[in-house]
Amino acid sequence: GVAGISESPLHPRHQTRRIMVGPVPVGGGAPISVQSMTNTKTANVGATLQQIAELTAAGCDIVRVAVPTQDDADALPRIVQQSPIPVIADIHFQSKYVFQAIDAGCAAVRVNPGNIHKFDQVGPSICQAATDAGISLRIGVNAGSLDKELYEKFGGPTPEALVASALKEARMFEDVGFHDFKISVKHHDPVTMVETYRLLASKGDWPLHLGVTEAGPAWQGTIKSCLAFGALLAEGIGDTIRVSLSAPPVEEVKVGCKILEYLGLRQRHFDIISCPSCGRSQVDVIALANAVTDGLKEITAPIRVAVMGCIVNGPGEAREADLGVASGNGKGQIFIKGKVVETVREDQIVETLLRYANDMAANMPVQ
Ligand code: SF4
């Protein structure tokens, strides 16, 4: 299940209705889930399942796979059967794959009514098939695939245009009595994206899937996603998130999980507090902080480790953490829960911290 916290300490959650993506609830106050999408060829079942396993280990709650060809659609039953987390099929253009994905047991299907051939005709039977199978759908637009009419009416993929498009799709589903869907209105620009989701949230109670689409490589994309998701989640908007990076998908999951952890919306795992270092520091804080972070990257226990360069703020911060070091004079004072447990030479700081952290993690209940 989702190791999340339902209520944000920052703001009450925007009231949305709840849908299910397999066993994972989305909306209606459920913990915010983290999603990612595989970038293997879906038809390559082994590689896809291996990537899904990796994403799951990193904290992913829901995974999406692209279904552009018949071979991909044919692979869905095996993937669904063996995936430890619910699988969403991502389908553009061809409605026949939607039906195949539903038959394959996918937990949800992402459809883009804007580019599904003859959606007006096929939409109601998609809703019927989803209802019969008890699964949910995701609809909504990306700025890049906004329909031409709305693009022209609003002069581009503005928040109003994207929301108008989403509302039109939502109405189409609701008109045939289908309500088990969430909506995304993605844009690559964080400010436009925030405005768009705010506007959409003001119009109804659909569960919202947050995404900054085409956000760029890891560094840029992480910043854009943190800004946009941070702003929205701090206002209580958003029920499930997907960070999009031009990077291995596991990086998306790590960023998504950390955003939720740092917003107080998910149980914190290992965390490091380290000072930036300055002219006062007497050890190489940057190298030390990196070595400690790297040495503890597999730790999932909620341990907070402080690495401080001198005695000005050092002991104070080191005391606040579960475990820490305050350095001075080529030595490090190692603190555990505020008490100095030993003083070691600079070259022993990393190994000492790692030893204590691993001991602590081993003695904590499994998360
Ligand atoms: Fe500088 Fe010390 Fe603060 Fe680190 S803890 S930034 S070394 S004053």
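Trainee: Is Glu 317 buried, partly exposed or exposed in this predicted model?
Mentor: Glu 317 sits in helix H11, which spans residues 314-320. Its relative accessible area is 31%. Buried would require under 20% and exposed over 50%. Because 31% falls in between, Glu 317 is partly exposed.

Trainee: Which residues does Glu 317 touch, not counting those up to four places away in sequence?
Mentor: Helix H11 carries Glu 317. Residues up to four places away in sequence are set aside for this list. The residues touched by Glu 317 are then Ile 273, Ala 306 and Met 308.

Trainee: At which positions does UniProt place the feature "binding site"?
Mentor: The feature comes from an unreviewed UniProt entry. Glu 317, already placed in helix H11, is one of the positions. In full, the record gives Cys 275, Cys 278, Cys 310 and Glu 317.

Trainee: Where does Cys 278 lie?
Mentor: At 42% relative accessibility, Cys 278 counts as partly exposed. The strand before it in this description is E11 (271-274), and the helix is H10 (285-295). Cys 278 lies in the loop between E11 and H10.

Trainee: What is the strand order of the open sheet of 5 strands?
Mentor: The pairing in this sheet is mixed. Strands E11 and E15 (339-345) are the edges, each pairing on one side only. Neighbouring strands are turned by 20° against each other on average, direction ignored. The order is E11-E12-E13-E14-E15.

Trainee: How many bridges pair E11 with strand E12?
Mentor: Strand E12 covers residues 304-308, and E11 and E12 pair in the parallel sense. Across this pair, Asp 271 stands opposite Arg 304 in E12. The number of bridges is 4.

Trainee: What angle does the direction of H10 make with that of E12?
Mentor: H10 packs on the sheet. In doing so H10 touches E11, E12 and strand E13 (323-328). Its direction and that of E12 make an angle of about 150° or more, precisely stated as about 160°.

Trainee: Which strands are the edges of the open sheet of 8 strands?
Mentor: The order of this sheet is E8-E7-E6-E5-E4-E3-E10-E9, with parallel pairing. An edge strand here pairs on one side only. The edges are strand E8 (181-186) and strand E9 (209-212).

Trainee: Which residue in E4 is the bridge partner of Ser 36?
Mentor: Strand E3 (residues 33-37) and strand E4 (residues 62-66) run parallel. They are joined by 3 bridges. In E4, the partner of Ser 36 is Val 63.

Trainee: With which side chain does the side chain of Gln 35 make a polar contact?
Mentor: Gln 35 is found in strand E3 and, at 1% relative accessibility, counts as buried. Its contacts beyond four places in sequence include Cys 60, Lys 182 and His 209. The polar contact, at 3.0 Å, is with the side chain of Thr 240.

Trainee: Which residues have the most contacts inside the largest nonpolar core?
Mentor: This core has 77 residues. Helix H6 (residues 159-175) gives the most to it, with 7 residues. Another core, of 23 residues, lies apart from it and has Phe 270 and Met 360 among its members. Inside the largest core, the residues with the most contacts are Phe 229 and Leu 233.

Conventions
Residues are numbered from 1 along each chain as its sequence is written. This is a predicted model: local features need pLDDT of at least 70, side-chain atom pairs count only at pLDDT 80 or more; totals for chains, interfaces and linings use all residues. Side-chain values use heavy atoms; hydrogens and water are left out. UniProt positions are given in the numbering used here, feature names are shortened, and annotations may be inferred rather than shown by experiment. Helices (H or I, at least four residues) and strands (E, at least two) are DSSP runs, numbered from the N terminus. Buried means under 20% relative accessible area, exposed over 50%, partly exposed in between (1.4 Å probe, protein chains only). Contact means heavy atoms within 4.5 Å. A nonpolar core is a set of buried Ala, Val, Leu, Ile, Met, Phe, Trp, Tyr and Cys residues joined through side-chain atoms within 4.5 Å. Two strands pair if DSSP finds at least two bridges between them. Axes are lines fitted to C-alpha atoms, for helices over the stretch in contact, and angles run from 0 to 180 degrees between N-to-C directions. A polar contact is a pair of N or O atoms within 3.5 Å; within protein, one must be able to donate a hydrogen and the other to accept it, and residues adjacent in sequence count only if both atoms are side-chain atoms.
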